[in-house]
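Here are my notes on the model you sent round. Have a look at it first, then read the points below alongside it.

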Amino acid sequence: MGKRAAGFVLFRRLCGEIQYLLLKASYGDFHWSAPKGHVDPGEDDFTTALRETKEEAGFDEKDLIIYRDTPLTLNYEVKGKPKVVIYWLAELRNPNQEVILSEEHTELKWLPKDAAKECVGFKDNQVMIEKFHEMILNMDKNRTNCGCP
């Protein structure tokens with residue numbers, strides 16, 4: 001079996017704009033990605049996503065609105081070995097809350113959808129951001145169409 005990882009695609013709403021958090025790795029090819037990490041033995045995917053988000057960005061479950069019912073799974077190869085990464089969408093409750101970077105990352109960016117897709121580079125990550133963005137827009141549309149305040 002290949003490596004397994006989990007994380008959150010974090011977004012915030014700031015000045016009417018949806019922005020995604022990307023972190024720049026301090027190792028390897030210095031790629032940009034959402035917070036994620038390897039699943040530890042005995043740990044489930046969701047617990048891993050929570051732990052890694054706390055370690056890499058400083059956010060606890062209480063800081064986030066997590067959309068648990070709609071995870072997306074990416075399957076790809078790293079150095080010729082299969083890797084599976086499961087992501088959940090999560091919104092930062094306080095859009096001004098500071099990110100606390102771990103030593104695993106050197107920079108962070110909050111970017112709108114198209115810039116985030118360009119920054120991640122990898123096609124599967126771009127598709128994932130697009131799918132999550134569509135989910136956010138659909139949720140927003142459903143809220144405004146339901147007669148809710």
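**Notes on the predicted model**

1. Let's start with a cysteine. Cys119 is buried, since its relative accessible area is 18% and the cut-off for buried is under 20%. Keep in mind throughout that this is a predicted model.

2. Cys15 makes a good contrast. Cys15 is exposed, because its relative accessible area of 82% is over the 50% cut-off. As for where Cys15 sits, look in the loop between strand E1 (3–14) and strand E2 (17–25). The backbone there deserves a glance too: Cys15 has a positive phi, about 55°, and it is not a glycine.

3. How many disulfides does the count come to? The answer is 0 disulfides, where a pair would need its cysteine sulfur atoms within 2.5 Å.

4. Right before that loop cysteine comes Leu14, which belongs to strand E1. Is Leu14 buried, exposed or partly exposed? Partly exposed, because its relative accessibility is 22% and buried would mean under 20%. If you set aside neighbours within four places in sequence, Leu14 is in contact with Gln19, Pro95 and Asn96. For a distance to check on screen, try Leu14 and Ile100: they are 86 residues apart along the chain, and their C-alpha atoms are separated by 19 Å.

5. Phe30 is another non-glycine residue with a positive phi of about 55°. You'll find Phe30 in the loop between E2 and strand E3 (32–33). With a relative accessible area of 45%, Phe30 comes out as partly exposed, because that value falls between the 20% and 50% cut-offs.

6. Now for a helix residue. Met135 lies in helix H3, which covers residues 123–145. What does Met135 touch, leaving aside its neighbours within four places in sequence? Its contacts are Thr70 and Leu89. Met135 and Phe122 are 13 residues apart along the chain, and their C-alpha atoms are separated by 20 Å.

7. Stepping back to the whole chain, I see 3 helices and 7 strands. Reading from the N terminus, the order is β-β-β-β-α-β-β-β-α-α. If you want to trace the fold by eye, follow that order from the start: four β elements, an α, three more β elements, then two α elements at the end.

8. Does the overall size match a compact globule, or differ from one? It agrees: a compact globule of 149 residues would have a radius of gyration near 15 Å, and the protein chain has 15 Å. The C-alpha atoms fill a box of roughly 50 × 30 × 30 Å along the principal axes.

9. On packing, buried residues make up 44% of the 149 residues. Among contacts with a separation of 6 or more, 69% are between residues 24 or more positions apart.

10. Last, the surface and the charges. The accessible surface of the protein chain is about 8,300 Å², and carbon and sulfur atoms account for 53% of that. The chain carries 21 positive and 25 negative side chains, and the centres of these two sets lie 3 Å apart.

Definitions and conventions
Residues are numbered from 1 along each chain as its sequence is written. This is a predicted model: local features need pLDDT of at least 70, side-chain atom pairs count only at pLDDT 80 or more; totals for chains, interfaces and linings use all residues. Side-chain values use heavy atoms; hydrogens and water are left out. The radius of gyration is taken over C-alpha atoms; the globule rule is 2.2 Å times the number of residues to the power 0.38. Buried means under 20% relative accessible area, exposed over 50%, partly exposed in between (1.4 Å probe, protein chains only). Contact means heavy atoms within 4.5 Å. Accessible areas come from the Shrake-Rupley method with a 1.4 Å probe; for residues, only the protein chains shown count as cover. Lys and Arg count as positive and Asp and Glu as negative; His and the chain ends are not counted. The place of a charge is taken as NZ of Lys, CZ of Arg, CG of Asp or CD of Glu.
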